[in-house]
Amino acid sequence: MGNRLTRIYTRTGDGGTTGLGDGGRTGKDSLRIEACGAVDELNSTLGVVLTQATSEELRACLAEVQQTLFDLGGELSLPGQTLMQARQTEWLEAWLNHFNGQLPPLKDFVLPGGSLPASYCHVARTVCRRAERRLVALDRAESVNPESLAYLNRLSDFLFVVARTLARMGGHHEPIWRRDREPPLPRVDSEVSPCHNAPPPK
């Protein structure tokens, strides 16, 4: 690994292809590379969440998720290799149940937000869903380890629970989707600028 990383650039990808772990090359827009890139983006997004998490327990858990996502990226870069196993998803489920057990029952749809850490985690959750979609697309063309698909599916649920946890850790209320809501109207001031008197655009 040390020898491989002595140079950051190789110029071999200038033509729009990239190397796989087995020595083969494929287009940078191929389904496999799209899946690799989405998993890498998810890992990077989790790095941002980690900078916002204050609980040592939660930080340790998220750091392990990052390690597992690197395993998943390695699996995707080596067609035919299997690194993801059921135990990773089972581990994730245990933590999901642990954090969810500390939250009040969910009675409404939660909107992304609540606090800065929670908002970042909601972004990570949606990136996770996209990574899952990329793996599903790849699975339609090539064989994908079903444990990898299961892990990403469970991870998005886990990140939703973590987002709720982060919002409450910061003492914030979770934004709730309300069907019968009254949209706010602009305040009418006694002194308005001329542009406020202009008719609304059509």
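Buried means under 20% relative accessible area, exposed over 50%, and partly exposed in between. Keep these cut-offs at hand for the exercises. The model is predicted.

**Exercise 1. Sort Glu-174 and Arg-168 into buried, partly exposed or exposed.**

Step 1. Take Glu-174. Its relative accessibility is 12%. Buried means under 20%, so Glu-174 counts as buried.

Step 2. Take Arg-168. Its relative accessibility is 41%, so Arg-168 counts as partly exposed.

Step 3. Look at the pair. The side chains of Glu-174 and Arg-168 meet in a salt bridge, at 3.2 Å from N to O.

Step 4. Look for a network. Arg-129, Glu-132 and Asp-157 are joined into one by salt bridges that share partners.

**Exercise 2. Describe the layout of the protein chain.**

Step 1. Count the elements. The protein chain has 5 helices and 2 strands.

Step 2. Put them in order. Along the sequence the pattern reads β-β-α-α-α-α-α.

Step 3. Add the burial. The protein chain has 202 residues, and 33% of them count as buried.

**Exercise 3. Check the length of helix α1 against its expected span.**

Step 1. Find the helix. Helix α1 covers residues 31–52, which makes 22 residues.

Step 2. Work out the span. The rule is 1.5 Å times one less than the number of residues. For helix α1 this should give 32 Å.

Step 3. Compare. The end C-alpha atoms of helix α1 are 32 Å apart, which agrees.

Step 4. Recall the geometry of a helix. An α-helix has 3.6 residues a turn, so residues three or four places apart point the same way.

Step 5. Now read the buried residues of α1. They include Arg-32, Cys-36, Val-39, Leu-42, Leu-46 and Val-49. Trace them on the structure.

**Exercise 4. Which parts of the chain do the salt bridges of Arg-32 and Glu-34 link?**

Step 1. Start with the total. The structure holds 8 salt bridges.

Step 2. Take Arg-32. Its partner is Glu-142, and the closest N and O atoms are 2.8 Å apart. Arg-32 is in helix α1, while Glu-142 is in the loop between α4 and α5. The two residues are 110 residues apart, so the pair links distant parts of the chain.

Step 3. Check the burial of this pair. Arg-32 has 9% relative accessibility and counts as buried. Glu-142 has 37% and counts as partly exposed.

Step 4. Take Glu-34. Its salt bridge is with Arg-134, with the closest N and O atoms 3.6 Å apart. Glu-34 lies in helix α1 and Arg-134 in helix α4, so this pair ties together parts 100 residues apart in sequence.

Step 5. Check the burial again. Glu-34 counts as partly exposed at 35% relative accessibility. Arg-134 also counts as partly exposed, at 28%.

**Exercise 5. Find pairs that are apart in sequence and give their separation in space.**

Step 1. Take Leu-46, in helix α1. Its relative accessible area is 0%, so Leu-46 is buried.

Step 2. Pair Leu-46 with Leu-62. They are 16 residues apart in sequence, and their C-alpha atoms are 7.3 Å apart in space.

Step 3. Take Val-127, in helix α4. Val-127 counts as buried, at 5% relative accessibility.

Step 4. Pair Val-127 with Thr-45. They are 82 residues apart along the chain, and 8.0 Å separates their C-alpha atoms.

**Exercise 6. Which helices supply the largest nonpolar core?**

Step 1. Recall the trend. In soluble globular proteins, nonpolar side chains tend to be buried together.

Step 2. Size the core. The largest nonpolar core has 41 residues. Leu-69, Leu-155, Phe-158 and Leu-159 have the most contacts inside it.

Step 3. Name the helices. At least two residues of this core come from each of α1, α2 (56–77), α3 (86–100), α4 and α5 (146–169).

Step 4. Find the main giver. Helix α5 gives the most, with 11 residues.

Step 5. Turn to the surface. Val-48, Leu-116 and Tyr-120 form a nonpolar patch there, with about 240 Å² of accessible area together. Leu-116 is in helix α4 (residues 116–141). At 48% relative accessible area, Leu-116 is partly exposed.

**Exercise 7. How many disulfides does the model hold?**

Step 1. State the test. A disulfide needs a pair of cysteine sulfur atoms within 2.5 Å.

Step 2. Apply the test. The count comes to 0 disulfides.

Step 3. Check two cysteines for burial. Cys-36 is buried at 17% relative accessibility. Cys-128 is buried at 0%.

Definitions and conventions:
Residues are numbered from 1 along each chain as its sequence is written. This is a predicted model: local features need pLDDT of at least 70, side-chain atom pairs count only at pLDDT 80 or more; totals for chains, interfaces and linings use all residues. Side-chain values use heavy atoms; hydrogens and water are left out. Buried means under 20% relative accessible area, exposed over 50%, partly exposed in between (1.4 Å probe, protein chains only). Helices (H or I, at least four residues) and strands (E, at least two) are DSSP runs, numbered from the N terminus. Patches are made of residues with over 30% relative accessible area and no salt bridge: like charges are joined within 9 Å, nonpolar side chains (Val, Leu, Ile, Met, Phe, Trp, Tyr) within 5 Å. Accessible areas come from the Shrake-Rupley method with a 1.4 Å probe; for residues, only the protein chains shown count as cover. A salt bridge is a side-chain nitrogen of Lys or Arg within 4 Å of a carboxyl oxygen of Asp or Glu. A nonpolar core is a set of buried Ala, Val, Leu, Ile, Met, Phe, Trp, Tyr and Cys residues joined through side-chain atoms within 4.5 Å.
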